[in-house]
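Hello,

Here is the structure I promised to pass on to you. Please have a look at it first, and then read on for what turned up.

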Amino acid sequence: MPRFLSFFLCFSLILISFATAQEGFEAGASAVETTPEVFPVRLRSGSSTLVHDPLHARAVAFQNGEGRVAIALVDAIGLSREELDEAKIEAAKATGWQPEEMLIAATHAHTTPGTHGNDPGSVAYREKRFKGMVQSITDAVTSLEPAQVGFGSEDEPSEIRNRRWFLEEGTMPPNPFGEYDKVQMNPGLKNLVKPAAPIDPEICVVDVQTRRGRPLALFANYALHYVGNIPSREVDGREMGMTSADYFGEFARVMPYRIDRTPSEDFVAFMTNGTSGDLNNLPFGIERPFRAPFEQCRIVASKAADAAWRAVRDIEYDGDPIVAIRQREVALEYRRVTEEQVVRAMKTMEQISEKDEELFPKKALQYARNTVKYQTEREPEKVIVQAIRIGDQAICALPFEVLVEIGLELKAKSPFPHTFTIELANGSYGYLPPPNQHELGGYETWIGTSRFVPESSEILVKNLLEMLAELREM
C-alpha cells in the first residue's frame with residue numbers, strides 16, 4: 001500500500017473516531033433573568049414597585065441520538081397551558097426540537113407578579129417572562145456538549161408538614177358551604193389530632209457534568225410548597241410587598257457553592273416543585289422562634305442544598321443514558337353539582353347581599369359563586385401529562401397542585417429505581433386530590449379549588465404508569 005494512502009486511511013480513522021466521540025449523550029443548561037423592569041407590578045399582596053431577589057427561567061436539555069428532552073422551570077405562581085403551548089412552539093422554531101419534547105413548569109412562588117392585567121407593568125412582565133422561558137430552552141439546546149449524568153436522593157424531613165389535619169371533636173369550623181369537613185387546612189397549633197396524609201421528605205437530584213467532570217447543571221425536586229415570609233416595606237403610608245422567587249430562587253443561588261467552592265457562572269441549578277399540594281412549611285404541632293424576613297426561605301434552601309450535596313456525593317455517572325419522553329392528552333370530566341347545592345348557593349348569595357358577609361363562613365360568597373358556575377355542563381378538559389426517562393431516572397409531570405399521596409403512589413409503582421413528579425407542569429388547573437382526600441373534604445377539595453371529578457387522579461396515574469412501562473421497555 002502506498003505510504004500516502006496508508007497515511008490518508010489512518011487520518012480518516014482518526015477523524016471518524018473523533019466524530020464518534022462527539023456523538024452520544026449531550027446536555028446543556030441555561031438561566032435567563034425574568035425580573036420585572038416596568039412598575040408597578042401586581043402581587044397577591046397588592047401593587048408593588050419593590051424587588052427583593054431576581055426571578056428566572058432556567059432550563060436543562062438532554063440529547064442522546066434521537067432522544068431529546070428539555071425541562072424548564074419558571075419563577076411563577078402558575079402558568080396556563082395556552083401560554084406554555086405558545087412558548088414551546090416558539091422554542092421549537094428556534095431549536096428544531098418538537099414541542100412534545102419540552103416540559104415547562106412553574107415554581108408556585110406566591111410572590112411573583114401576575115400577568116393577567118392590561119396595565120403597563122403586567123403587559124411588560126408578561127412579555128419578558130414569555131421571552132425568558134423561550135430563551136432558556138433555546139440557550140440550553142444550543143449549548144449542548146458531551147456530558148454524563150447521575151441520579152441520587154437524600155431525605156430532608158425537618159421542614160415539611162402535611163397541612164391537612166383531623167381536629168378534636170367539636171372544634172372543626174364550618175366550611176364556606178356551611179358544612180363541616182373531616183379535615184382542615186392550616187389549622188394552627190391547637191386542637192390537632194393527626195395529619196390526614198404523610199409527607200414525602202425525599203430530595204431527588206439529577207446532576208449533570210461534562211465528560212471531563214466539570215459541573216454543568218443540577219436540578220432537584222422537593223415536595224414542599226413555597227415558604228413565604230418575604231420582606232415588605234412601607235411606601236407612601238402603605239405596607240408594600242416585594243417580588244421574590246422564594247426558597248426556589250435561594251436554592252438556585254446557593255447550590256452551585258455546594259458543588260464547587262468557586263462555581264462557574266455557566267453552572268445552572270434549580271429546584272422543581274414535587275407533589276406538595278397538601279405540604280407546606282408551617283409549624284403545626286410545634287412552636288418555633290420568630291423569623292426575620294426571608295430567614296425561613298434561607299433556612300429551607302440551605303437544608304435542601306445540603307441534602308442535595310449529600311445525594312451528589314454518592315452518584316455514579318452514566319455517559320450513555322437513554323433519553324426519551326412520552327406525552328398524552330387526557331380528557332378529564334369537570335365536577336358536577338346537584339340541584340340542591342345550586343339552590344343553597346344561590347340562597348347564600350342572596351343572604352350575603354342583604355347582610356354583613358362577616359356573619360357567614362369565611363369565603364362563603366366566593367364558593368357559592370363557584371357552585372353556581374359549575375352547574376353549567378362543560379366539555380371535558382384535555383390536560384397534558386408526561387413521562388420522561390433519562391437513564392435510570394424517571395420523571396412524571398402533572399399540571400396541578402398535586403397532593404402528596406399521588407406522588408408517593410407513582411414512586412412506589414414506577415418500574416424505575418429513581419422516580420419523582422414535577423407538579424404545575426404544562427399548565428395549571430388547581431388542586432388534584434386523590435379520591436380518599438375528596439371524601440375528607442377541606443380546602444383542596446372544594447368546588448372551584450378542585451375542578452375535576454374525584455377519580456381524575458386515578459385516571460392520570462394510570463396513564464403515567466403506562467407511559468413509564470413503555471419507557472422501561474426501551
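Helix α3 (residues 120-142) holds both Lys131 and Glu127, which sit four residues apart, about one turn of the helix. In this predicted model, their side chains meet in a salt bridge, 2.9 Å from N to O. Glu127 is partly exposed, with a relative accessible area of 43%.

That pair is part of a longer list, as a search of the whole structure finds 25 salt bridges. Another one joins the side chains of Glu154 and Arg310 at 3.2 Å, N to O. Here distant parts of the chain are linked: Glu154 belongs to strand β8 (residues 145-155) and Arg310 to helix α5 (residues 295-313), 156 residues apart. Glu154 counts as partly exposed at 26% relative accessibility, and Arg310 counts as partly exposed at 30%.

Helix α5 also takes part in a salt bridge through Lys303. The partner of Lys303 is Glu159, with the closest N and O atoms 2.8 Å apart. Because Glu159 lies in the loop between β8 and β9 (161-162) while Lys303 is in helix α5, the pair ties together parts that are 144 residues apart in sequence. Glu159 counts as buried, at 6% relative accessibility, whereas Lys303 counts as partly exposed, at 27%. There is also a network of salt bridges, which links Arg326, Arg328, Lys462, Glu466 and Glu470.

What about a buried charge that has no salt bridge? Glu101, in the loop between α2 (81-95) and β7 (102-106), is such a residue: the nearest side chain of opposite charge, Arg68, is 4.1 Å away. A salt bridge needs the two atoms within 4 Å, so this pair does not count as one. The side chain of Glu101 does reach the backbone nitrogen of Gln98, at 2.8 Å. Leaving aside residues up to four places away in sequence, Glu101 touches Arg68, Val69, Ala70 and Ile325.

Now to helix α7 (residues 364-373), which is mostly covered, with seven of its 10 residues buried. Among them are Leu365, Tyr367 and Val372. The cover over the buried residues of α7 includes α6 (339-354).

Lastly, where is there empty space inside? The structure holds one cavity of 30 Å³ or more, and the largest cavity has a volume of about 50 Å³. Its lining includes Asp200, Glu202, Tyr222, Lys411 and Phe420. The elements that give two or more residues to this lining are β14 (215-222), α8 (404-413) and β23 (418-422).

Enjoy exploring it!

Best wishes

Conventions:
Residues numbered from 1 in each chain as written. Predicted model: local features only at pLDDT ≥ 70, side-chain atom pairs only at ≥ 80, totals over all residues. Heavy atoms only, no water. Buried < 20%, exposed > 50% of the residue type's maximum accessible area, 1.4 Å probe, protein only. Lys, Arg positive; Asp, Glu negative; His and termini not counted. Polar contact = N/O pair within 3.5 Å; in protein donor to acceptor, adjacent residues only side chain to side chain. Contact = heavy atoms within 4.5 Å. 1 Å grid on protein atoms, 1.4 Å probe; cavity = no way out; pocket = protein on both sides within 12 Å on 5 of 7 lines; lining within 4 Å. Points joined across faces, edges and corners; volume = space filled by probe spheres on them.
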